[in-house]
Amino acid sequence: MAEDSNQDALVGAGTLQEALRALLPRTKEELKLDLSENVERSVVMLLQQSADLFYGGRRSECLQTSEAILDYSWEKLNTGVWQDVDKDWRRVYAFGCLLKAMCLCEAPGDATVATALRVCDMGLLMGAAIFEDILIKVAAVLQMHLLPGKRPAQGPAQEQPCIKRPVILEGVADHWPCMKKWSLEYIQEIAGCRTVPVEVGSRYTDEEWSQRLMTVSEFISKYILNEPKDVGYLAQHQLFDQIPELKQDISIPDYCCLGDGEEDEITINAWFGPPGTVSPLHQDPQQNFLAQVLGRKYIRLYPPQESEALYPHGTHLLHNTSQVDVENPDLERFPKFAEAPFLSCVLSPGELLFIPVKHWHYVRALDLSFSVSFWWS
């Protein structure tokens, strides 16, 4: 029996390797990044060396070289302000993740594949697209190896009303597969092994607020199933680009096509967390549809013309966020806030809330909650 088990593992590994190799260029010359002069010549040569080692079948040496690439580029990604990081260094990091994941999968075993999947997620989170989004494709193959047979169906499209103010649309998402399929167990089954950024702290305006990388399973165990001292929130993360299996459970509302942008310019974010998670009062530069899948959320909205009474932060980083604690305001510091008119609602599963561009909104989860936002122009 032990020999049969080992044989099955080797066959599975061989099938996996074939699927992964099919995603790569056929020759090492094609596995090359066109990089600017901001990337040192020595690093470019290291990338070429790693490709030579991989296509030469010297996987152990290639693994060591890819880790050297990751260590060096990681320092570049964590120097200075993120928005100033040269995109080519993010591409170098993604390249290192690609080769490391490929080398790891030369050895059979689900534990190794799970490690490779985590490497791909790090490349997707911190790197930039290379070779026609190859990391997304590699991650999909790895996940299907761990979770065979998961292919949810796509839902049909919807009609197009014209809306110009905050409004709740009922029944729009009722036919989405996620409305029947999503639960803690399902999310953990489909995405549990994937690495994501989690916000830790009551709200992003607090001094003790931080972000940590962990798997979805770790997040669920620590911040949802147990009673932690702090709040964890998987917030404003493009989870559906990272895990296409989940994207097949939702539909982009046709209303988004009423704008000037293209469909590939629509930003889809996941908001997943326990009761009590809060998004402070803030405004966004795009139109927004907020779809509620699990649980309920209390939402309060203020029109853009009330901005002065909402006391935005004076710093550039938080200029779109109010200083006021909406449900416990300090009216001595912020006296105008009491007079500002607002709308409020409780968003329930299956409902979509249209939040017009620049409308201020405050959101608090009343239950275990999963929301999906669609930002469009």
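This passage walks through a predicted model of a protein chain, from the whole fold down to a few single residues.

To start with the big picture, the chain has 377 residues, and 48% of them count as buried. Its secondary structure comes to 12 helices and 12 strands. Take the contacts between residues at least 6 apart in sequence: 79% of these join residues at least 24 apart. As for the outside, the chain exposes about 18700 Å², and carbon and sulfur atoms supply 49% of that area.

Helix H2 is a handy place to begin looking at the parts. This helix covers residues 41-55, which makes 15 residues. From the first C-alpha to the last, H2 reaches 21 Å, close to the 21 Å expected at 1.5 Å a residue. Its buried residues are Val-43, Leu-47, Ser-50, Ala-51, Leu-53 and Phe-54. Looking down the axis of H2, these buried residues fall within an arc of 165°, so they line one face of the helix. What do they pack against? The buried residues of H2 pack against helix H3 (59-77) and helix H4 (87-104). Over on the other side of H2, Arg-41, Ser-42 and Gln-48 are exposed. Just after the helix comes Gly-57, which takes a positive phi of about 80°.

Helix H3, one of the packing partners of H2, also holds Trp-74. Is this tryptophan buried or partly exposed? With a relative accessible area of 30%, Trp-74 is partly exposed, because that value lies between the 20% and 50% cut-offs. Setting aside neighbours within four places in sequence, Trp-74 is in contact with Tyr-93, Met-122 and Met-126. Trp-74 and Arg-90 sit 16 residues apart in sequence, and their C-alpha atoms are 8.7 Å apart in space.

Further along the chain, helix H8 (residues 184-191) has Leu-184, Tyr-186, Ile-187, Ile-190 and Ala-191 as its buried residues. Seen down the axis of H8, they fall within an arc of 165°, so here too the buried residues line one face of the helix.

Now for the strands. Strand E11 spans residues 360-365, and five of its six residues are buried, so the strand is largely enclosed by the rest of the structure. Which strands pair with E11? One is strand E6 (residues 278-282), which pairs with E11 in the antiparallel sense over three bridges. In this pairing, His-282 has His-361 of E11 as its bridge partner. Another is strand E8 (residues 297-302), also antiparallel to E11, with six bridges between the two. Here Tyr-302 stands opposite Trp-360 in E11. As a rule, side chains in a regular strand alternate between the two faces of the sheet.

One last residue to look at is Gln-292, found in strand E7 (residues 287-294). Gln-292 has a relative accessible area of 1%, so this residue counts as buried. What does its side chain make a polar contact with? The partner is the side chain of Ser-369, at 2.9 Å. Leaving out residues up to four places away in sequence, Gln-292 touches Met-179, Lys-297, Leu-347, Ser-348, Pro-349, Gly-350, Glu-351, Ser-369, Phe-370 and Ser-371. Ser-369 thus turns up both among the residues that Gln-292 touches and as the partner in the polar contact.

Conventions. Residues numbered from 1 in each chain as written. Predicted model: local features only at pLDDT ≥ 70, side-chain atom pairs only at ≥ 80, totals over all residues. Heavy atoms only, no water. Buried < 20%, exposed > 50% of the residue type's maximum accessible area, 1.4 Å probe, protein only. Helix = DSSP H or I, 4+ residues; strand = E, 2+ residues; numbered from the N terminus. Pairing = 2+ DSSP bridges. Expected span 1.5 Å × (residues − 1). Arc of directions from axis to C-beta. Contact = heavy atoms within 4.5 Å. Polar contact = N/O pair within 3.5 Å; in protein donor to acceptor, adjacent residues only side chain to side chain. Areas by Shrake-Rupley, 256 points an atom, 1.4 Å probe, with all protein chains shown as cover.
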